[in-house]
Amino acid sequence: MNMEARIRGIGMTSMRTRTRLAERLRVAGIGSECVLAAMQQVPRHMFVDEAIASRAYDDCSLPIGSGQTISQPYVVAKMTQLAIERTLEADQPLQRVLEIGTGSGYQAAVLAHLGCRVYSLERIRTLAHRASDRFRTLGQRAISVRYANGYDGWQGEGPFDVVMVTAAMQQVPTQLIEQLRVGGVLIGPLVGDDERQQLMVITRREEAEPLVETIEAVRFVPFLEGTC
Ligand code: SAH
């Protein structure tokens, strides 16, 4: 096969696998057309090692080194859809997002694809650097990555419309709630008494305690202290 045909072939295969992923997500309950389009258009194969790139459009988490994983597409789509729904319902903008746990950078790229300005913190130096390099290669300038522990959030850049935590918290750091604007939501997994993780949506309110909603069971790598 000549080079041109090979590239065409690869393009077609990836188009088919991307469409199949979007169909799968729709069946799993993702109804937002813009989220489904983003899941098809953001090149997930660019966020994993070449050796496993052929599995990039399967609906599963995959290793990204340093003992961490790129989240399962369904979970990325679900958290993104929640961010859109909650801000739309409250007639609030969805512009500034703080992400805790850059990892591969894929979740941040999906949010940026939808027009968000994303600030993302990662506690593992090599992952933070690799994600920054990827965004540069992709020409993605709406995402800022910082190598730091996410516990204190990103001072000076808030308030955020959404804080998205992509590692399982034992407790929700109050600093993260404080960096939300009133009406803004924190979306992320929380470990319960039974050690199982639940995806939570926590809304900051003006003169009341934050509103806490449990969405569904999920599995994330742990939210850890310190940096390495
Ligand atoms: N959003 C990522 C998911 C990566 S897995 C993606 O789309 O690929 C979760 C990431 O959270 C890991 O890279 C882990 O190192 C990071 N992490 C865990 N605890 C953290 C903390 N306290 N501060 C910043 N990053 C953290």
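This text walks through a sheet and the salt bridges around it in a predicted model.

Start with the sheet. It is open and has seven strands, in the order E5-E4-E3-E6-E7-E8-E9, with mixed pairing. Strand E5 (143–147) and strand E9 (211–218) stand at the edges. Each has a single partner strand, so one side of each lacks a neighbour in the sheet. On average, neighbouring strands are turned by 15 degrees against each other, direction ignored.

Now look at one pair of strands. E3 (residues 96–100) and E4 (residues 117–122) run parallel and are joined by five bridges. Glu99 has Ser120 in E4 as its bridge partner. Helix H5 (residues 125–137) lies across E4 and E5. Its direction is at about 160 degrees to E5.

Next come the charged side chains. Side chains of opposite charge can pair when their charged atoms come close. The count here is nine salt bridges.

Helix H3 meets edge strand E9 through two of these pairs. Lys78 and Glu216 form a salt bridge at 4.0 Å, N to O. Lys78 lies in helix H3 (residues 73–89) and Glu216 in strand E9, so the pair ties together parts 138 residues apart in sequence. Lys78 is buried, at 16% relative accessible area, whereas Glu216 is partly exposed at 22%.

Arg86 and Glu213 also meet in a salt bridge, at 2.5 Å, N to O. Arg86 sits in H3 and Glu213 in E9, 127 residues apart. Glu85, Arg86, Glu89 and Glu213 are linked in a salt-bridge network.

Arg96 pairs with Glu157, with the closest N and O atoms 3.0 Å apart. Arg96 belongs to strand E3, and Glu157 to the loop between E5 and strand E6 (160–165).

Definitions and conventions
Residues are numbered from 1 along each chain as its sequence is written. This is a predicted model: local features need pLDDT of at least 70, side-chain atom pairs count only at pLDDT 80 or more; totals for chains, interfaces and linings use all residues. Side-chain values use heavy atoms; hydrogens and water are left out. Two strands pair if DSSP finds at least two bridges between them. Helices (H or I, at least four residues) and strands (E, at least two) are DSSP runs, numbered from the N terminus. Axes are lines fitted to C-alpha atoms, for helices over the stretch in contact, and angles run from 0 to 180 degrees between N-to-C directions. Contact means heavy atoms within 4.5 Å. A salt bridge is a side-chain nitrogen of Lys or Arg within 4 Å of a carboxyl oxygen of Asp or Glu. Buried means under 20% relative accessible area, exposed over 50%, partly exposed in between (1.4 Å probe, protein chains only).
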